[in-house]
Amino acid sequence: MSMWWSLRLRREAASVPLARRLLVGAMETAGVDPDVAFDLSLALTEACANAVEHGGAASGDDYRVTACFDGDRCHIEVIDSGPGFATSAPPPETPRAPATAAPLTDTGAEGGRGLFLIAELSDHVDIRDRPGRGAVVSFDKILKWREDAPLQAA
């Protein structure tokens with residue numbers, strides 16, 4: 001089984017549960033194991049919440065969520081258009097380095113745990129900084145299926 005969907009969402013708090021419900025609905029319909037579905041929905045919630053909170057200069061900016069089920073793997077990507085993880089952009093004459101992975105550390109602070117949680121709930125995570133153009137948070141998880149799964153991979 002292979003399917004994908006992509007959403008372009010406004011950076012508003014109400015968009016987070018919308019994205020989560022769409023993912024959960026797709027996983028329930030396909031027959032994904034509830035524990036795996038919970039992990040993926042929580043990871044997506046964290047990624048979307050980060051995009052809403054940090055993903056742009058104005059509240060009217062948007063972000064994109066893409067989910068792909070391909071065989072026994074789910075791949076999710078959240079892309080925002082904010083300043084990225086860097087606190088300042090390099091000067092114009094400095095060539096931009098290729099996208100780099102942000103460190104995955106649990107800061108212990110009240111905030112800042114979202115990326116760490118995504119990494120813990122996923123089998124693979126890739127966090128790319130696009131300084132001045134946003135961030136890309138993508139993660140994969142191997143799917144487990146209910147016995148009665150209608151769309152289980154062959």
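Helices and strands here are DSSP runs, numbered from the N terminus. Keep that in mind as you click around, and remember that this is a predicted model.

**Stop 1: helix H1**

Select residues 15-30, which make up helix H1. How far apart should the ends of these 16 residues be? At 1.5 Å a residue the helix should span 22 Å, and its end C-alpha atoms are 23 Å apart, which agrees.

Now colour Ser15, Val16, Ala19, Leu23, Ala26, Met27 and Ala30, the buried residues of H1. Turn the view until you look down the axis of H1: these buried residues fall within an arc of 115°, so they line one face of the helix. What do they pack against? Show strand E1 (2-10), helix H2 (34-54), strand E2 (62-70) and strand E3 (73-79), and you have their packing partners. Swing round to the other side of H1 and pick out Arg21, Glu28 and Thr29, which are exposed.

**Stop 2: just past the helix**

Step along to glycine 31, just after H1, and check its backbone: phi is positive there, about 95°. Next, add glutamate 147 to your selection. Glutamate 147 sits in the segment after strand E6 (134-142). The two residues are 116 residues apart in sequence, yet their C-alpha atoms are 8.1 Å apart in space. Is glutamate 147 buried or exposed? With a relative accessible area of 85%, glutamate 147 is exposed.

While you're here, show the side chains of arginine 146 and aspartate 148, which meet in a salt bridge of 2.9 Å, N to O. Aspartate 148 counts as exposed at 55% relative accessibility, while arginine 146 is partly exposed at 26%.

**Stop 3: the cysteines**

Select cysteine 74. Which cysteine sulfur is closest to the sulfur of cysteine 74? That one belongs to cysteine 68, and at 7.5 Å it is too far for a bond, since a disulfide needs sulfur atoms within 2.5 Å. In fact, the structure holds zero disulfides. Cysteine 74 is buried, with a relative accessible area of 0%. Jump to cysteine 48 and you'll find another buried residue, with a relative accessible area of 0%.

**Stop 4: serine 122**

Go to the loop between helix H3 (114-121) and strand E5 (124-130), where serine 122 has its place. Zoom in on its side chain: a polar atom there lies 2.8 Å from the backbone oxygen of isoleucine 118. Now show Ala43, Phe139 and Asp140, which serine 122 contacts once its neighbours within four places in sequence are left aside. Serine 122 is buried, with a relative accessible area of 11%.

**Stop 5: salt bridges**

How many salt bridges does a search of the whole structure find? The count is six. Start with arginine 8 and aspartate 62, whose closest N and O atoms are 2.3 Å apart. Arginine 8 lies in strand E1 and aspartate 62 in strand E2, so the pair ties together parts that are 54 residues apart in sequence. Arginine 8 is exposed at 71% relative accessible area, and aspartate 62 is partly exposed at 22%.

Finish with aspartate 126 and arginine 128, another salt bridge, with the closest N and O atoms 2.9 Å apart. Aspartate 126 counts as partly exposed at 25%, and arginine 128 is partly exposed too, at 28%. Add Glu77 to the view, and you have a network of salt bridges linking Glu77, Asp126 and Arg128.

How values were computed. Residues numbered from 1 in each chain as written. Predicted model: local features only at pLDDT ≥ 70, side-chain atom pairs only at ≥ 80, totals over all residues. Heavy atoms only, no water. Helix = DSSP H or I, 4+ residues; strand = E, 2+ residues; numbered from the N terminus. Buried < 20%, exposed > 50% of the residue type's maximum accessible area, 1.4 Å probe, protein only. Expected span 1.5 Å × (residues − 1). Arc of directions from axis to C-beta. Contact = heavy atoms within 4.5 Å. Polar contact = N/O pair within 3.5 Å; in protein donor to acceptor, adjacent residues only side chain to side chain. Salt bridge = Lys/Arg side-chain N within 4 Å of Asp/Glu carboxyl O.
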